[in-house]
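Here is a protein to explore through short questions and answers. Keep the sequence and the 3D view open as you read.

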Amino acid sequence: MRRSGERRTRGVAALAVVVPLLLTGVAACGSDSGDGGGDVTITFVWWGSDGRANLTKKAVELFQRKNPKIKVQTSFSAYAAYWEKLATQTAGGKPPDVLNVDTRYLAEYGGRNVLADLNQGAGKAISLTDINPELAATGVYQGKRYAVPWAQNTPAMLYDPAAFTAAGADPAKGLTWQQYADATQKVSAAGGARGTTDFGILDTALEIWLRQQGKQFYTPEGKLGFTADDLRRYWQLASGFRDAKGASPADVTASYNTSPEQSPLGKKLTSSEFAYDNLLPAYKKANGKELNVAPYPTDVPGTTGQYRRPSMFLAVSARSQQQEAAAKLVDFLVNDPEVGKIVGTDRGLAPNLKVRAQLAASATGNDKTLYDFEAALEPKLGAAPPVPPKGAGAIQKLLQRTYEEVAFGRMSIDDAVGRFMSEAEKGLS
């Protein structure tokens, strides 16, 4: 998903201009730079909450104990701020040695030669032997391995079981889109919270819905993989939920923030939301209720549209002067069993299948829920989509901003579809 802290921008063109023009510097927010020392010092940055940072720092400390000649300086921030900082560092010629990369930005940073090809040089020391080949392939763009999956998750529905049981629905057993619509209306009518967060703004939900139709968001050539009519039908579906008061109203949708704490479900304004399954514990903590995770609604039996998704990647800077040490850290974070125990399912399931099996066997609580959910879903998971093209991050913001015009009644669905398709195609040309 999902990713925390994403916010709207002013469009594809704005992002394309801002990123290369940002000046050098490292923002201090959320940083823990360390004090140097050791024979080699490398920098490592990621996005996430304080809780994720604490887990990651413990994993880094373990790495340093096992590799005393390598000192790791760390820094983290929320999702949106992370990309602003990374753009600043990159434009200044000083990107971190090891960095988090989201699938939406893999092509952009890989294509700009910011990321090292891990099929070459020091990167060849990173073992992919025990990673599902389909998951491992998601880090390859135009024949070069720019990144390694750090964890696996899948888009899913997070929901309040008590609210939906009272409405006579069990999302965990699978619902059609009409059954989901009916249930959300009943949940809303019961008072308190709307049945779902308006999903018309979500590129992830659109992608899953398209996959259920046998289509995709982007083609392998980097163009839109759907038509104006496809988007029209999707927005008509989402608007139907909102018009029937099953989904969140426009003002709630407009303030949508993908961090669990700031999302409508996290703030108890809705009783379900499409997000990434590994965010279940964070949503439960924010909402305060016993939430659960379920597959997407679908009208095609056996086809949920879900897939093994790299929740985030680890990459090495092409400009790093310490690529051997950087690659050693990446290999350790991906494959070490003790790291798997430390970080748990915060980012998703362990990418190393042997480590994952060990963790699943002893999992309890939220971890067990997530391991069991993906194990049951495994036979229905399809192949991951192509790496999104350059500009995919801005397309995501464009979709959200354009749909909000529909939600507020400032633009018809037809006009919004026309605007989106036109601006998106220009941004991808």
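Q: Which residues have the most contacts inside the largest nonpolar core?
A: This is a predicted model. Its largest nonpolar core holds 54 residues. The residues with the most contacts inside that core are F44, W83 and L115.

Q: Which helix gives the most to this core?
A: The core in question is the largest nonpolar one, with 54 residues. One helix gives eight residues to this core, the most of any. That helix spans residues 323-335 and is α12.

Q: Which residues does W83 touch, leaving out those up to four places away in sequence?
A: W83 is among the residues with the most contacts inside the largest core. Sequence neighbours up to four places away are not counted here. What remains is W47, N100, V101, D102, Y105 and Y109.

Q: How many residues does the second core have?
A: This core is separate from the largest one. Among its members are L206, F241, A247 and M411. Its count is 51 residues.

Q: Why is the protein described as compact as a globular protein of its length?
A: The protein has 17 helices and eleven strands. For 429 residues the globule rule gives a radius of gyration of 22 Å. The protein is as compact as a globular protein of that length because its own value is close to this, at 21 Å.

Q: What share of the residues is buried?
A: Buried means under 20% relative accessible area. The share is taken over the 429 residues in the protein. It comes to 57%.

Q: What share of the contacts with a separation of 6 or more joins residues 24 or more positions apart?
A: Contacts with a separation of 6 or more form the base of this share. Within that set, residues 24 or more positions apart account for 78%.

Q: Where is N113, a residue with a positive phi?
A: N113 is not a glycine, yet its phi is about 60 degrees. It follows α4 (103-111) and precedes α5 (133-136), in the loop between α4 and α5.

Q: Which loop holds K245?
A: K245 also has a positive phi, near 65 degrees, and is a residue other than glycine. Its place is the loop between α9 (228-243) and α10 (250-254).

Q: Is R419 buried, partly exposed or exposed?
A: R419 sits in helix α17, residues 413-428. Its relative accessible area is 40%. Buried means under 20% and exposed over 50%. R419 therefore counts as partly exposed.

Technical notes
Residues are numbered from 1 along each chain as its sequence is written. This is a predicted model: local features need pLDDT of at least 70, side-chain atom pairs count only at pLDDT 80 or more; totals for chains, interfaces and linings use all residues. Side-chain values use heavy atoms; hydrogens and water are left out. Helices (H or I, at least four residues) and strands (E, at least two) are DSSP runs, numbered from the N terminus. The radius of gyration is taken over C-alpha atoms; the globule rule is 2.2 Å times the number of residues to the power 0.38. Buried means under 20% relative accessible area, exposed over 50%, partly exposed in between (1.4 Å probe, protein chains only). Contact means heavy atoms within 4.5 Å. A nonpolar core is a set of buried Ala, Val, Leu, Ile, Met, Phe, Trp, Tyr and Cys residues joined through side-chain atoms within 4.5 Å.
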